[in-house]
Amino acid sequence: MCGIVGYVGYKPVLDILLDGLEQLEYRGYDSSGIAVQCQDKVKVYKAVGKLKNLREELSPHAYEISKSTTGIGHIRWATHGAPTVVNAHPHTCNCGKLVVVHNGIIENYKELKLNLETKGCKFVSQTDTETVAHLVAQKYEITKNLTEAVKLATKEIEGAYALAIMHSDEPNKLVVTKRNAPLVIGVANNEFYAASDIPAFIKHTNRAIYLSDNQVATMTANTLKIEDIDGNIIEPKIEILPWEPVALSKMGYKHFMLKEIHEQPDVIRNILVDKLHSSELPIILDEVKLTKETLKDLNRIQIIACGTSLHAAFIGKYIIESFCAIPVDVEASSEYIYRKTVTDSHTLVIGVSQSGETADTLTAVKQSKERGSHILIITNRPDSAMAREADSLLSVNAGIEVSVAATKSYIAQLTSFYLLALYMAEIKGTMKPDILENLKHEMLVLPQKIEQILANKDNIRDCARKYSGTRDFIYIARGINYPTALEGALKLKEISYINATGYPAGELKHGPIAMLDETMPVLSILMKGCVYDKILSNSEEAKARNARMIALTNSSDKKLDDLFDFIIRVPEVDELLSPIIAIVPLQLIAYYIAEFLGKDVDQPRNLAKSVTVE
Ligand code: F6R
């Protein structure tokens, strides 16, 4: 939530900051702002809404800023105070010499504010961040040294923060620090970058330093000093980043979301390539660091995640329990962390997170780690804070996902769960060899089946067009595809703002059926298998209430033609693997409906891709 960038070097800073912020827009887009060093002054520019508004705001000033080579920038996802220009970052102290951008939440900002007000500070915004500007400025009065002032101030701050700070009395210098929020420094020749995430500078350099909590970095064009808040010097560890700038292009697709949906067959191939070679060979999962003996003895697994990752976790539970006969609990991280939980050293805890930064999941993982559980992290960001907590790290390698609505990272999480479940089943000997072999074979052909769906997407687009005028949408399924219904509904909600809900089909008659009439579309996920006939009966019940019936099915059953107004057919697949096939048309329905409605598909309102606040 919120993104920060900083640059100090010899190149004009304006484009570096704006391009960097554009790459961070997935973190929020309520407002944006920059501060740049212009001779002995720091100048601040802000705008409400998307980054293009800031670009417009800046265009009359482009010449006066053109020589500046030091600056900071911010893109906001509002937490404290409405998205207004006054609340936009950077924030300044009262004399205007010190500027700060912040990602995170200052939890004790009210106490700090009261104290600072008694010392004469005048607050202009409703943000928690403004307290940092005044607090560091107060410390600067004493120390006359920006780094020392930041170190003193952060000792008084509680909460989460990544901060980038400048002071006009120390021109062409940047001080950055962090606690429980991401911050990475990009290293190039005679220039340094700082950002919440690497896409902000990856096109300039792939050499990076991940700052740890409570470390403070002071940068000029050709010097970098990292120390902890007590002044102990830290030797910088430069890592080479794996990301390619090309991944950030739409490659001819109208939206990143559509491009990312189309990447899914290759995402699965990439994951399987060195782990599942053929149906006869065992799965190789060197990333799992539990010994075979421990895995055999494992008697409980706890999975924690949020949002789309939580839906992947529900499917993970279903398959681990089916394949390995180990009881699995799944819980939303935000619920897990505020109750007495019983994970201990005998529990395997699996944290699932596309971003690896989600605050609730990160906290839940840290709590479980403290209790001695083995932590297995499934993430698309092996460079994230969560990955750093992992005892076993399953990096899903989906490539960077720009669209706020998760698609390919979900398929990648599912694929990783299947590999993990099959791997554990092989070790524990809990599956019949012919069933195991058949599932492995089916996994290897999943990418082609998704390609068939994508080749027939015009039918799905027609379905989306037909139902795009609806205000509500119900998805029903049972068994392993109940989470698919939840995920399909979430996709539609988040990008089209239609009120979509996923139900277990058998629950319909216990309440939700009251909502059905001729205006309500009901989409039944009807995959051949043990609950097929049951869902069919539940669909009949909905049809009898005049609902507008849609089927997503891999059956060629002629009966469906009378029951359903619209049928989306997908290739046949083993029921146990069907969630990987069934989700693709649902992603496309959500995409096309949002597109027909003219919504901002890649950056839906009120959302951000990386949720670093609890
Ligand atoms: C929905 C979506 C969110 C995330 C959730 C958790 O498309 O992306 O629901 O799944 O915010 O994020 P991660 O997976 O990064 O922990």
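**Strands, cores and domains: a first tour**

Q: Which residue in β10 is the bridge partner of G186?

A: In this predicted model, G186 has Y193 of β10 as its bridge partner. That pair belongs to a bigger pattern: β9 (residues 184-188) and β10 (residues 191-195) run antiparallel and are joined by five bridges.

Q: Which order do the eight strands of the open sheet have?

A: Read the strands across the sheet rather than along the chain. Here the order is β3-β2-β4-β1-β10-β9-β11-β14, and the pairing is antiparallel. At the edges stand β3 (41-48) and β14 (239-240); each has a single partner strand, so one side of each lacks a neighbour in the sheet. Helix α2 (residues 51-58) packs on this sheet, where it touches β2 (31-38), β3 and β4 (70-76). The direction of α2 makes about 135° with that of β3.

Q: What about the open sheet of five strands: what is the pairing there?

A: Its pairing is parallel, and the strands come in the order β16-β15-β17-β18-β19. The edge strands are β16 (328-332) and β19 (392-395), each with a single partner strand, so one side of each has no neighbour in the sheet. On average, neighbouring strands are turned by 20° against each other, direction ignored. For a closer look, take β17 (residues 348-353) and β18 (residues 374-379): they run parallel, with six bridges joining them. One pairing to find there is I350 with its bridge partner in β18, L376.

Q: Which strands does helix α10 touch as it packs on the sheet?

A: Helix α10 (residues 307-324) touches β15 (301-305), β16 and β17, and its direction makes about 170° with that of β16. Another helix, α14, packs on the sheet too, touching β15, β17, β18 and β19. The direction of α14 makes about 160° with that of β17.

Q: In helix α6, which residues are buried?

A: A general idea helps first: an α-helix has 3.6 residues a turn, so residues three or four places apart point the same way. In α6 (residues 146-156), the buried residues are L146, T147, A149, V150, K151, A153 and T154. Their cover includes β6 (98-106), α5 (129-143), β7 (159-167), β8 (174-179), β12 (215-219) and β13 (224-228). The N-terminal end of α6 is capped by N145, with a side-chain oxygen 3.0 Å from the backbone nitrogen of T147.

Q: Is A217 buried or exposed?

A: A217 is buried, because its relative accessibility is 0%. This residue sits in strand β12. Beyond its neighbours within four places in sequence, A217 is in contact with L174, V175, V176, I185, L211, L224, K225 and I226.

Q: Which residues touch the most other members of the largest nonpolar core?

A: In general, nonpolar side chains tend to be buried together in soluble globular proteins. The largest nonpolar core here has 97 residues, and I301, I320, F323, I350, Y418, F473 and Y475 touch the most other members. Helix α14 (residues 408-428) gives the most, with 14 residues. At least three residues come from each of domain 2 (261-453) and domain 3 (456-596). A second, separate core of 33 residues includes L18, Y29, L51 and I65.

Q: Which domains does the domain assignment give?

A: The assignment lists domain 1 (3-246), domain 2 (261-453) and domain 3 (456-596). The centres of domain 2 and domain 3, taken over C-alpha atoms, are separated by 26 Å. Each of these two brings 29 residues to the contact.

Key: Residues are numbered from 1 along each chain as its sequence is written. This is a predicted model: local features need pLDDT of at least 70, side-chain atom pairs count only at pLDDT 80 or more; totals for chains, interfaces and linings use all residues. Side-chain values use heavy atoms; hydrogens and water are left out. Buried means under 20% relative accessible area, exposed over 50%, partly exposed in between (1.4 Å probe, protein chains only). Helices (H or I, at least four residues) and strands (E, at least two) are DSSP runs, numbered from the N terminus. Contact means heavy atoms within 4.5 Å. A polar contact is a pair of N or O atoms within 3.5 Å; within protein, one must be able to donate a hydrogen and the other to accept it, and residues adjacent in sequence count only if both atoms are side-chain atoms. A nonpolar core is a set of buried Ala, Val, Leu, Ile, Met, Phe, Trp, Tyr and Cys residues joined through side-chain atoms within 4.5 Å. Domain bounds come from an automatic or database domain assignment. Two strands pair if DSSP finds at least two bridges between them. Axes are lines fitted to C-alpha atoms, for helices over the stretch in contact, and angles run from 0 to 180 degrees between N-to-C directions.
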